[in-house]
Amino acid sequence: MKNKILAIAATAGTAILGSSVFSTPAQALTQTQDVTINYTVPEILYLRTFQTVNMTLDANLLGAILTAQGSGFVGKDYDPTNATVTIDVTGNADVTLDQTSPFGNLAAIQQSIPELYAVWSNSTGTVDVNLTSTPLTEVGGKTIAVNSITPTVDNFAAPGLDTPQIGGADLDLDLTNATVMGIYTGTITVDVSTP
């Protein structure tokens with residue numbers, strides 16, 4: 001009898017299990033919802049410059065005809081006013097040498113620095129560039145005055161953070177007091193700002 005009950009229970013279990021395995025699955029439930037994300041990118045302003053700019057005076061800017069010789073330049077001419085002088089018997093000359101400098105206007109020598117600064121900015125406005133310079137001085141104290149220094153690119157739309165805006169400087173130099181050769185050293189300050 002015990003075996004009959006076990007057989008009936010086994011048959012019933014198989015029937016129940018079989019019907020649940022082979023029955024139609026229940027409908028799956030799904031739900032979606034959008035989530036707002038606020039990702040803040042702060043304003044960024046980044047400046048890159050050279051630490052040192054080494055420049056050499058272009059002799060052609062001096063206005064005289066000069067020829068390179070060794071590490072310097074040489075030049076010559078005849079007096080532009082009186083090519084001939086006559087000395088009388090008492091030793092007096094009828095003319096003197098013209099003392100006008102052959103070097104033109106030493107007080108306004110124009111030099112350029114093609115690239116001086118790179119600026120990255122994600123500002124919504126423009127970027128302003130201001131340049132200032134100290135006088136250039138050599139070890140003996142002689143100076144080159146900087147009459148003006150002007151950025152070549154200024155008040156430009158912020159370029160973003162990938163490709164920078166590149167700019168240089170135009171200098172107006174006064175070499176009147178640069179009476180000795182040598183290295184004249186000063187400082188250029190590059191100031192960039194956004195509104």
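The legends below describe close-up views of a predicted model.

**Figure 1. The chain as a whole, with one helix and 10 strands.**
Read from the N terminus, the elements run α-β-β-β-β-β-β-β-β-β-β. The chain has 195 residues, and buried residues make up 18% of them. Among contacts with a separation of 6 or more, 77% join residues that are 24 or more positions apart.

**Figure 2. The aromatic pair of Tyr46 and Trp120.**
How many aromatic pairs does the count give? The count comes to one aromatic pair. A pair of aromatic rings is described by the distance of the centres and the angle of the planes. For Tyr46 and Trp120, the centres are 5.8 Å apart and the planes make an angle of 75°. The pair is edge-to-face, because planes over 60 degrees apart are given that name. Tyr46 belongs to strand S1 (residues 45-49) and Trp120 to strand S4 (residues 109-121), so the pair, 74 residues apart, links distant parts of the chain. The two partners can also be described by their accessibility. Tyr46 is partly exposed, with a relative accessible area of 47%, whereas Trp120 is buried at 13%.

**Figure 3. The largest nonpolar core, a set of 21 residues.**
Within this core, Leu116, Leu131, Ala169 and Leu173 touch the most other members. Which elements give two or more residues to the core? They are S4, strand S5 (126-133), strand S7 (143-151), S9 and strand S10 (188-193). S4 gives the most, with five residues. Leu131 can be followed in detail. Leaving out residues up to four places away in sequence, Leu131 touches Leu116, Ile149, Thr150, Pro151, Gly168, Ala169, Thr189 and Val190.

**Figure 4. Asp174, a buried residue with no salt bridge.**
Asp174 is located in strand S9 (residues 160-174). Where is the nearest side chain of opposite charge? That side chain belongs to Lys142 and is 13 Å away. A salt bridge needs a side-chain nitrogen of Lys or Arg within 4 Å of a carboxyl oxygen of Asp or Glu, so none is counted for Asp174. The side chain of Asp174 does make a polar contact with the side chain of Thr176, at 2.5 Å. Not counting residues up to four places away in sequence, Asp174 touches Leu106, Ala107, Thr143, Ile144, Ala145 and Asn147.

**Figure 5. Thr143 in strand S7.**
Is Thr143 buried or partly exposed? Thr143 counts as partly exposed, because its relative accessibility of 28% falls between the limits of 20% and 50%. Thr143 and Asn177 are 34 residues apart in sequence, and their C-alpha atoms are 5.8 Å apart in space. Asn177 is also one of the residues that Thr143 touches. The others in that list are Leu136, Thr137, Asp174, Ala178 and Tyr184, with residues up to four places away in sequence left out.

**Figure 6. Glu138 in the loop between strand S6 (136-137) and S7.**
Glu138 has a relative accessible area of 10%, so this residue is buried. Which side chain of opposite charge is nearest to Glu138? The nearest is that of Lys142, 6.6 Å away, and Glu138 has no salt bridge. The backbone of Lys142 is also part of this view: its nitrogen lies 2.9 Å from a polar atom of the side chain of Glu138. Beyond residues up to four places away in sequence, Glu138 touches Val180, Ile183 and Tyr184. Glu138 and Ala178 are 40 residues apart along the chain, and 8.6 Å separates their C-alpha atoms.

**Figure 7. Asn155 in the loop between S7 and strand S8 (156-157).**
Most residues other than glycine have a negative phi, and most peptide bonds are trans. What is the phi of Asn155? The phi of Asn155 is near 50°, a positive value in a residue other than glycine.

Definitions and conventions
Residues numbered from 1 in each chain as written. Predicted model: local features only at pLDDT ≥ 70, side-chain atom pairs only at ≥ 80, totals over all residues. Heavy atoms only, no water. Phe/Tyr/Trp six-rings, centres within 6.5 Å; stacked < 30°, edge-to-face > 60°. Helix = DSSP H or I, 4+ residues; strand = E, 2+ residues; numbered from the N terminus. Buried < 20%, exposed > 50% of the residue type's maximum accessible area, 1.4 Å probe, protein only. Lys, Arg positive; Asp, Glu negative; His and termini not counted. Polar contact = N/O pair within 3.5 Å; in protein donor to acceptor, adjacent residues only side chain to side chain. Contact = heavy atoms within 4.5 Å. Core = buried A, V, L, I, M, F, W, Y, C linked by side-chain atoms within 4.5 Å.
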